[in-house]
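Work through the following exercises with the sequence and the model side by side. Each task is followed by a solution in steps.

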Amino acid sequence: MQSRISVLNLLMDIFLEALCHNLQEGAAIIEKASGEFIFCNQAWNTMFQIDSCADMDMHRLNRLRKTRLSKSAIQERLNILEGKGEFREQAEYVSTTGRAFWGEIVLRLLKNEDGAYYLVVIDKIDRLKESEERLAQDKQRFNALLEHASLGIVEINKREESININISALKLVGGNRQE
């Protein structure tokens, strides 16, 4: 029975490493008890500009965040991970060469007879963040243009309620925003 468990654990390790190798995103397997990186794929090494995952541990991963997490923030995330088996968030990281990038991190807790492991996958989302920033800037410019347009403009929702009115429309109807 013991040899069968050892074989199953070995197969699980092989499966996880194969899975990580085939992911386009940066992927790593971390031993829960020690916080040591057991494996990381080439995309991970490239993302953080490191030679191997031997250069990483959970503390260094936190130090590579642009905004480091406090001990209580780390514990809060670990509690969520323990409770749900998964944790997701977006964070800005800085590679060892100083290049900043945004990543969506997904942590999964994996347990077997040998112990518990974290599967960590980080997907670079720089383009998404740039698009969100451009969209916010465009919306701000549009709202400023709309507010000061020489035409009276009233925004109405599906229930035919006025939700926004610009200065010119207010002058035309002689009211104020609260009315």
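The exercises below concern a predicted model and go from the overall fold to its aromatic residues.

**Exercise 1.** State how many helices and strands the protein has, and the order in which they occur.

Solution. Counting the elements gives six helices and seven strands. Along the sequence they appear in the order α-β-β-α-α-α-β-β-β-α-β-β-α.

**Exercise 2.** Determine what share of the residues is buried and what surface the protein exposes.

Solution. The protein has 179 residues, and 31% of them count as buried. The exposed surface comes to about 12200 Å², with 52% of it supplied by carbon and sulfur atoms. As for contacts with a separation of 6 or more, 35% are between residues 24 or more positions apart.

**Exercise 3.** Describe the largest nonpolar core and the elements that contribute to it.

Solution. Start with the membership: this core holds 24 residues, and F37, W44, F48, M56, Y93, V120 and I122 touch the most other members. Next, assign the core to elements: two or more residues come from each of β1 (26-31), β2 (37-40), α2 (42-48), β3 (86-94), β4 (100-112) and β5 (115-124). A separate core of six residues includes A27, Y117, L119 and V121. Such grouping fits a general tendency, as nonpolar side chains in soluble globular proteins tend to be buried together.

Then take one member, I122: leaving aside residues up to four places away in sequence, I122 touches E25, G26, W44, M47, F48, Y93, G103, E104 and I105.

**Exercise 4.** Classify the ring pair F48 and Y93, and work out which parts of the chain the pair ties together.

Solution. The whole structure contains five aromatic pairs. For F48 and Y93 the ring centres are 5.7 Å apart and the planes stand at 90°; edge-to-face requires over 60 degrees, so this pair is edge-to-face. F48 belongs to helix α2 and Y93 to strand β3, so the pair ties together parts 45 residues apart in sequence. F48 is buried, at a relative accessible area of 0%, and Y93 is buried too, at 1%.

**Exercise 5.** Classify the pair Y93 and F101, then place both rings in their cluster.

Solution. Here the ring centres of Y93 and F101 lie 5.8 Å apart with the planes at 25°, so the pair is stacked. Both residues, Y93 and F101, are buried. Ring pairs join F37, W44, F48, Y93 and F101 into a cluster.

**Exercise 6.** Which charged residue sits over the ring of W102?

Solution. The residue is K129, whose charged end sits over the W102 ring at 4.5 Å from the ring centre.

Conventions: Residues numbered from 1 in each chain as written. Predicted model: local features only at pLDDT ≥ 70, side-chain atom pairs only at ≥ 80, totals over all residues. Heavy atoms only, no water. Helix = DSSP H or I, 4+ residues; strand = E, 2+ residues; numbered from the N terminus. Buried < 20%, exposed > 50% of the residue type's maximum accessible area, 1.4 Å probe, protein only. Contact = heavy atoms within 4.5 Å. Areas by Shrake-Rupley, 256 points an atom, 1.4 Å probe, with all protein chains shown as cover. Core = buried A, V, L, I, M, F, W, Y, C linked by side-chain atoms within 4.5 Å. Phe/Tyr/Trp six-rings, centres within 6.5 Å; stacked < 30°, edge-to-face > 60°. Lys NZ or Arg CZ within 6 Å of the ring centre and 35° of its normal.
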